[in-house]
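User: Could you take a close look with me at one part of this protein? I would like a connected account rather than a list.

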Amino acid sequence: MTRHPPTPPTLRRGPLAAALLTAAALLTAAPAPAHATGPGDPARSEPPVPLDAHASGLRLRKGAKLAPGRVLDIKSVIETGNGTERRVDTNTNVTFALQAEVLFDKDSSSLNGAAAQRIKTIADEVRKQRATTLRVFGFTDNLGSADHGALLSKERANAVQRQLAKELGSSSISYQIRGYGEDYPIADNATEDGRRKNRRVEVSFPRQGR
């Protein structure tokens, strides 16, 4: 479940309030990170946090203006004890990441016997969120050639997408399928534990109403 931060109490005017509000203004001035290519989205900026630009406690220098407010993307991560499956919820998206070993045999793109139930869990959440756009991305470790990794990761993403489409049975859902190979590792490829985490398929989609 996503935990929402508690609403902060109203700050009394004074030096502490001025310092905190000024710090908030400086933080919001920085743009959200963006990904020109590859998986991931920048944090969204709505709804803005209401701030009174004319509040005396701000003590802005002459001519200074507050930057537009921005809501930071808050993540909730749920992971199985052995780390083979992970769910990440943010303000805007739901992402399921499954290590390749729970879906495929070694160096294979054919789904194993346990994969269908795991993919059904994802499909159930897609229906719950009423998502109409799904991204299915495959990744590998850095062993073997880069070309082989890119091809294998794409074939695995295709296999997961086909099973999702079978589960969902809806022609109104569009899919973005990518095979990134060894790009975008989430762990150190120098160890087998890290390589196992990097061999994965991620399925992501917008949260309800986005």
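Is S204 buried or exposed, and why does it count as that?

Analyst: Happy to walk through this one; please keep in mind that the model is predicted. S204 is buried, because its relative accessible area is 7%, and the cut-off for that label is under 20%. Across the protein, 34% of the 210 residues fall into the buried class.

Let us start with the surroundings of S204. The residue sits in strand β6, which spans residues 200–206. Leaving aside residues up to four places away in sequence, S204 is in contact with V94, T95, T133, L134 and R135. Of these neighbours, T133, L134 and R135 fall within the stretch of β4, residues 133–139.

That leads to the pairing of the two strands. β4 and β6 run antiparallel to each other, joined over five bridges. One of the bridge pairs is G138 with V201 of β6. Helix α3 packs on this sheet and touches β4, β5 and β6, with its direction at about 160° to that of β5. As general background, strands of a sheet pair through backbone hydrogen bonds, in either a parallel or an antiparallel way.

β4 also pairs with β5 (residues 174–179), this time in the parallel sense and over six bridges. Within that pair, V136 is found opposite I177 of β5. Between β4 and β5 the chain passes through helix α3, residues 146–168, and the resulting β-α-β crossover is right-handed.

Now we can step back to the whole sheet. It is open, has six strands with mixed pairing, and is ordered β1-β2-β3-β6-β4-β5. In that order, β6 stands between β3 and β4. The edges are taken by β1 (76–79) and β5; each has a single partner strand, so one side of each lacks a neighbour in the sheet. From one strand to the next, the twist averages 15°.

Finally, here is the wider frame for your residue. The protein contains four helices and six strands, arranged along the sequence as α-β-β-β-α-β-α-β-α-β. β6 is the strand that ends this pattern. Among contacts with a separation of 6 or more, 68% link residues 24 or more positions apart. As for the outside, the accessible surface is about 13000 Å², and carbon and sulfur atoms make up 54% of it.

Technical notes
Residues numbered from 1 in each chain as written. Predicted model: local features only at pLDDT ≥ 70, side-chain atom pairs only at ≥ 80, totals over all residues. Heavy atoms only, no water. Pairing = 2+ DSSP bridges. Helix = DSSP H or I, 4+ residues; strand = E, 2+ residues; numbered from the N terminus. Right-handed = clockwise from strand over helix to strand, strands pointing away. Buried < 20%, exposed > 50% of the residue type's maximum accessible area, 1.4 Å probe, protein only. Contact = heavy atoms within 4.5 Å. Areas by Shrake-Rupley, 256 points an atom, 1.4 Å probe, with all protein chains shown as cover. Axes fitted to C-alpha atoms, helices over the stretch in contact; angles between N-to-C directions.
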